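User: Please take a close look at one helix-to-helix packing in this model and at what surrounds it. I would like the residues named, with the rest of the fold as background.

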Amino acid sequence: MIDWLQSFSHATGIFAFMHSQWGWPLIESVHFTGLCLLVGSVGLFDLRMLGLGRGIEMSALHQLVPVGVAGFVLSALSGVMFLVTAPDQYLFNPAFRLKMLFMALAGVNMLVFYRFAASQVYNCPANSAAPRHAMTMAGVSLLCWTLIIVAGRLITYFRPPYHWCFFC
């Protein structure tokens, strides 16, 4: 897997770009900009479901979803560039693995929200509370995205040769 990812990064020019003077810092900036767009829009919606800003209609906040999707795309594409450039620094890294786990949990939580709670939430009047199960999903979402950020920051501290190998 590592060999294939490295070959891909060399063949596509990603490796050369990422190792240029501005490659890594530029892509990190794109990654964090995407994260801000994603967590900012999702976080506002989640906080509203938890009861903050009750004067704002939840359906109005849901209009920020395209901003969150754009942020996710920026973060995902830039994250892939990091991964294919230095796969050995990520694939065996427990912080990276935790980040991927929390991203998967956030994704499942989102799917459950859209399947079981979204229509009820959108129909709530501006000054009302979200249903309790939607509030739980909002809390799980905020927790997952917070843990994703923390795990992402910890990736640097668990790089090889420091193999703290749980999940290996």
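Analyst: What follows covers the overall fold, then one helix pair, then the cores and a few single residues.

The model is predicted. The protein has 9 helices and 0 strands, and the C-alpha atoms fill a box of roughly 55 × 30 × 25 Å along the principal axes. Of its 168 residues, 35% are buried. Among contacts between residues at least 6 apart in sequence, 79% join residues at least 24 apart.

The part to examine is the packing of α3 against α5. Helix α3 spans residues 23-49, and α5 spans residues 65-85. Their axes come within 7 Å and cross at roughly 145°, and the crossing is left-handed. On the α3 side the contact is made by Trp24, Ile27, Glu28, Val30, His31, Gly34, Leu35, Leu37, Leu38 and Ser41. The α5 side contributes Val67, Gly68, Gly71, Phe72, Leu74, Ser75, Ser78, Gly79, Met81, Phe82 and Thr85. By type, the residues of this contact divide into 11 nonpolar, 9 polar and 1 charged.

Phe82 is a useful residue to follow here. Phenylalanine 82 is found in helix α5 and is buried, with a relative accessible area of 7%. Leaving out residues up to four places away in sequence, phenylalanine 82 touches Met18, Trp24, Ile27, Glu28, His31 and Tyr90. Trp24, Ile27, Glu28 and His31 are also listed among the α3 residues of the helix contact. The C-alpha atom of phenylalanine 82 is separated by 21 Å from that of cysteine 144, 62 residues away along the chain.

Helix α3 also takes part in the largest nonpolar core. This core has 14 residues, of which Phe45, Met49, Met58, Phe113, Val121, Ala130 and Ala134 touch the most other members. At least two residues each come from α3, α4 (58-61), α8 (118-122) and α9 (132-154), and α9 gives the most, with 4. Valine 121 touches Phe45, Met49, Met58, Phe113, Pro131 and Ala134, again without residues up to four places away in sequence. Apart from this core lies another, of 13 residues, among them Leu83, Val84, Ala86 and Phe96.

Two residues of α9 add to the picture. Serine 141 is in helix α9 and counts as buried at 7% relative accessibility. With residues up to four places away in sequence left out, serine 141 touches Val42, Asp46 and Asn109. Arginine 153 is also placed in α9, but is partly exposed, with a relative accessible area of 46%. The C-alpha atoms of arginine 153 and phenylalanine 96 are separated by 9.3 Å, although the two residues are 57 apart along the chain.

The cysteines remain. A search of the whole structure finds 0 disulfides. For cysteine 36, the closest cysteine sulfur is that of cysteine 144, at 18 Å, so the pair is too far apart for a bond; the cut-off for a disulfide is 2.5 Å. Cysteine 36 is exposed, with a relative accessible area of 56%, whereas cysteine 124 is buried at 14%.

How values were computed
Residues are numbered from 1 along each chain as its sequence is written. This is a predicted model: local features need pLDDT of at least 70, side-chain atom pairs count only at pLDDT 80 or more; totals for chains, interfaces and linings use all residues. Side-chain values use heavy atoms; hydrogens and water are left out. Buried means under 20% relative accessible area, exposed over 50%, partly exposed in between (1.4 Å probe, protein chains only). A nonpolar core is a set of buried Ala, Val, Leu, Ile, Met, Phe, Trp, Tyr and Cys residues joined through side-chain atoms within 4.5 Å. Contact means heavy atoms within 4.5 Å. Axes are lines fitted to C-alpha atoms, for helices over the stretch in contact, and angles run from 0 to 180 degrees between N-to-C directions. A crossing is left-handed if the near helix is turned anticlockwise from the far one by less than a right angle, and right-handed if clockwise. Ala, Val, Leu, Ile, Met, Phe, Trp, Tyr, Cys and Pro count as nonpolar, Asp, Glu, Lys and Arg as charged, and the others, Gly among them, as polar.
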